[in-house]
Amino acid sequence: MNKTFPLSDLRKGERAVIHMLKTDDSTAARLRGIGFSEGTEVFCAGSGLFKDPAAYRVKGALIALRYRDARGVLCRKGENPT
Amino acid sequence: MKPVQKKFPAPYRYDWLKKAPSDLIVALAGNPNVGKSTLFNALTGMHQHTGNWAGKTVENARGKTVYDGRRLVIADLPGCYSLYADAAEETAAAEFLKSGVADLAVTVCDGGALERGLALFLQIRALCPKTILCINFMDEVEKQGAYIDIDGLSAALHAPVVALSAKKKGAAETLLPEIISLSLQPSPDAPSGADVFAEAKQLCASYVHRTRSEPKKSLLDRLLLGKWTAIPCMLLLLTLIFWITLEGANIPSALLSSFFTGLENDLTALLLRLSLPAGLISFLVAGVWRTTGWVVSVMLPPMAIFFPLFTMAEDCGLLPRIAFLLDYPFSKCAACGKQALTMCMGFGCNAVGVTGCRIIDSPRERMIAVLTNAFVPCNGRFPILVALITIFMSGSGQSGFISALYLTGFVMLAILLTFLVSKLLSLTLCKGMPSFFALEIPPLRVPKVGEIIARSVFDRILFVLGRAISAAAPAGALLWICANWQIGDGTLLSILASVLEVPAKWMGLDGEILLGFLFAFPANEIVLPVIVMAYTGLSSLAETPDYGQLGLLLLQNGWTMLTAVNTALFTLCHWPCATTLKTIYKETGSRKWTLLAAVLPTLCGVVLCILTNLFASLF
């Protein structure tokens, strides 16, 4: 069974699917707007000089998120059926 | 990520935009980085107007064009990811669309990130039923081997879809016939689903076909973002921009200088013919005119070079990468990675850097960025640093490259101070939690060099001329008065210098140096000339001698390496110039914070100078 884990646990090169946003409403709205909406496939492109922030590819765009914000994005492993 | 966001006035202020009933008001909306500005510029050319409005700190940009006999007023809305980004406050774009002022809208999106753009399109259409979907960067879509079924998408959306590559000539114009034809149709009955994200996803699944693999990191990106290569790349880029600015500015500065000096004689002759008293003539020509000319010739060329370079770096996508790489240390100071960008702007001009702080969303983090911007040396302060470095540190006659390295070193110090003070502020006056930070890193794209240079240079020239006249002219007036007002044995200037001597000595400086900084409050460009003036006892600004002569003059007046170091430190850390303070007041609306913005760097400068002085006296 697929367990949910925070996006911040995703390593470089790994994929996951966003399951739920565990943040306050305002942050959730911004996350969805920029591409991190439920059901979206996310790919971790790695970080820069430090571990934080990390860059994620969602809906075709490359977005950098801080660790503390990525922690609120709960994902499941597994590819999108499409 | 634009340095300045756009803003919108209350809807009723747009009533006057329609000169004829057949005019159309078109709202241009979309995510950031989708090429909206390219389209806007292509459609409106020079018929644009960027204004400032009180209230929201965002500028409004609207332009007009004429097509098929009809006048179209295009409102360039601020780029946003969602119309309802903040549960409490809607974006300026949402407000504008809600007002119903626009007859129709064009939602621009990146063909490579269509799903996200579609979600915004659906949100926009709920507010403005007549909306065109414009898919940009089709050239990149093709290169990636993806395929978008435009007709299918258009049918499914019940809305016109225009696919183009905005950078191609004539591409933007393909929008115009669509706009006109849509305006003639009745308002469509667009069913709005509750979940725009699910709908967008489903649409993309049906009409967009792309390869599954991730785009490979280009070589350039591997260098810019690589663990070991990122910092050297950034330093190299910074040094390169400095070098081009400083070297490139030399000849134009000299030309402008001789132009202004040349006109002095003509001006004097003219004023003599008007039978003005000699004193007044000297005041106007040697005081006001000369100082203003000085500031313009020193300030204009570097700014006219630096800002286009900076805009090019922004346009091609370098700036978000820098913010991405440097966010961590900033977040440790409870600040924001975007502060790196405002600091970069500050290198050109601190006032521009302060205005640029609008890109930082959190008010607390924005305040930190505003208060610390003055630690970054602006173009006006570079000549001081370069002169000090050349004369005392790298030795005249040495290659300009060594000087550039020293300069970079000082800049690193300024950056370090910025971090320390930011951290201090975050622990005391600007306490709070780090805010939400999401940064889009767009693909590296070739900037539109020609257009940038044309626009940027034009904007810069206007700004500099305005600043020179409003700041330098009064400074020149005051300076002339102090230098010519005989009091006892000396002039008011020399008396002021001796008064300042006492505090100056504590800092390892002398009265004349402090005087120079004080008089340069309106414009840092005149620090050195005022110091020279104070030393030589001349009654007006003279041409700054070349480094050899300047060096001799300074040594004659008791300068040592220590004096040079302290002067350099004080150059980095002293009150912001008048224009910057005025801008800070405008941005913060608070006298208290503006005062702090003046006191903070000054305090650091004084402390640093006293410390180096003490430290040196131990040897």
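User: Are R116(B) and E440(B) buried or exposed?

Analyst: In this predicted model, R116(B) is buried, and E440(B) is buried as well.

User: Two charged side chains, then. How should I read such a pair, and what distance separates N from O in the salt bridge of R116(B) and E440(B)?

Analyst: The general idea first: side chains of opposite charge can pair when their charged atoms come close. Here the side chains of R116(B) and E440(B) form a salt bridge, at 2.9 Å from N to O. R116(B) sits in helix α3 (residues 114–127) of chain B and E440(B) in strand β10 of chain B, so this salt bridge ties together parts that lie 324 residues apart in sequence.

User: Good to know. With which residue does D110(B) form a salt bridge?

Analyst: D110(B) pairs with R445(B), and their closest N and O atoms are 3.3 Å apart. This pair also links distant parts of the chain: D110(B) belongs to strand β5 (residues 104–110) of chain B, while R445(B) is in the loop between β10 (438–440) and α17 (449–484) of chain B, 335 residues apart.

User: Why does D110(B) count as buried?

Analyst: The cut-off for buried is under 20% relative accessible area. D110(B) has 12% relative accessibility, so D110(B) counts as buried. R445(B), at 17%, counts as buried too.

User: What about a salt bridge inside a helix: which residue pairs with K505(B)?

Analyst: K505(B) forms a salt bridge with E501(B), with 3.6 Å between the closest N and O atoms. The two are four residues apart in helix α18 of chain B, so about one helical turn separates them. At 25% relative accessibility, E501(B) counts as partly exposed. Salt bridges can also share partners, and in this way D110(B), E140(B) and R445(B) are joined into one network.

User: How many salt bridges are there over all chains?

Analyst: The count over all chains comes to 16 salt bridges.

User: Let's turn to helices. How do I read the packing of α18(B) and α19(B), and at what angle do they pack?

Analyst: Two packed helices are described by the angle between their axes and the distance between the axes. Helix α18 (residues 492–506) and helix α19 (residues 511–519), both of chain B, pack at about 110° with their axes 7 Å apart. Angles from 65 to 115 degrees count as roughly perpendicular, and α18(B) and α19(B) are therefore roughly perpendicular to each other. On the α18(B) side the contact includes L493(B), L496(B), L500(B) and E501(B), and on the α19(B) side G511(B), L514(B), L518(B) and F519(B) are among the residues. By class, this contact of α18(B) with α19(B) has nine nonpolar residues, one polar and two charged.

User: And how do the axes of α17(B) and α18(B) cross?

Analyst: Their axes come within 5 Å and cross at roughly 90°, so α17(B) and α18(B) are roughly perpendicular to each other. L479(B), C482(B) and A483(B) of α17(B) meet L492(B), L493(B) and L496(B) of α18(B). The contact of α17(B) with α18(B) has six nonpolar residues, no polar and no charged ones.

User: Now some loops. Where is N379(B), and what is it in contact with?

Analyst: N379(B) is in the loop between α14 (363–372) and α15 (382–393) of chain B. With 7% relative accessibility, N379(B) counts as buried. Leaving aside neighbours within four places in sequence, N379(B) is in contact with residues including T245(B), P302(B), M303(B) and F347(B).

User: Is P443(B) buried or partly exposed?

Analyst: P443(B) has 40% relative accessibility, so P443(B) counts as partly exposed. P443(B) is in the loop between β10 and α17 of chain B. Not counting residues up to four places away in sequence, P443(B) touches E140(B), C316(B) and R321(B). C-alpha to C-alpha, P443(B) and K217(B) are 9.7 Å apart, although 226 residues apart in sequence.

User: Finally, what pLDDT does chain B average, and how should I read low values?

Analyst: Where pLDDT is low, the predicted coordinates should not be read in detail. Chain B averages a pLDDT of 84, and 91% of the residues score at least 70. Over residues 1–16 of chain B the pLDDT is below 50, and this stretch has 54 contacts in the model beyond near neighbours in sequence. Residues 51–58 of chain B are also below 50, with 24 such contacts. The model scores ipTM 0.93 and pTM 0.82.

Definitions and conventions
Residues are numbered from 1 along each chain as its sequence is written. Chains are lettered from A and ligands numbered from 1 in the order in which they are written. This is a predicted model: local features need pLDDT of at least 70, side-chain atom pairs count only at pLDDT 80 or more; totals for chains, interfaces and linings use all residues. Side-chain values use heavy atoms; hydrogens and water are left out. Axes are lines fitted to C-alpha atoms, for helices over the stretch in contact, and angles run from 0 to 180 degrees between N-to-C directions. Angles under 35 degrees count as roughly parallel, over 145 as roughly antiparallel, 65 to 115 as roughly perpendicular and the rest as oblique. Contact means heavy atoms within 4.5 Å. Ala, Val, Leu, Ile, Met, Phe, Trp, Tyr, Cys and Pro count as nonpolar, Asp, Glu, Lys and Arg as charged, and the others, Gly among them, as polar. A salt bridge is a side-chain nitrogen of Lys or Arg within 4 Å of a carboxyl oxygen of Asp or Glu. Buried means under 20% relative accessible area, exposed over 50%, partly exposed in between (1.4 Å probe, protein chains only). pLDDT is the predictor's confidence in each residue, from 0 to 100.
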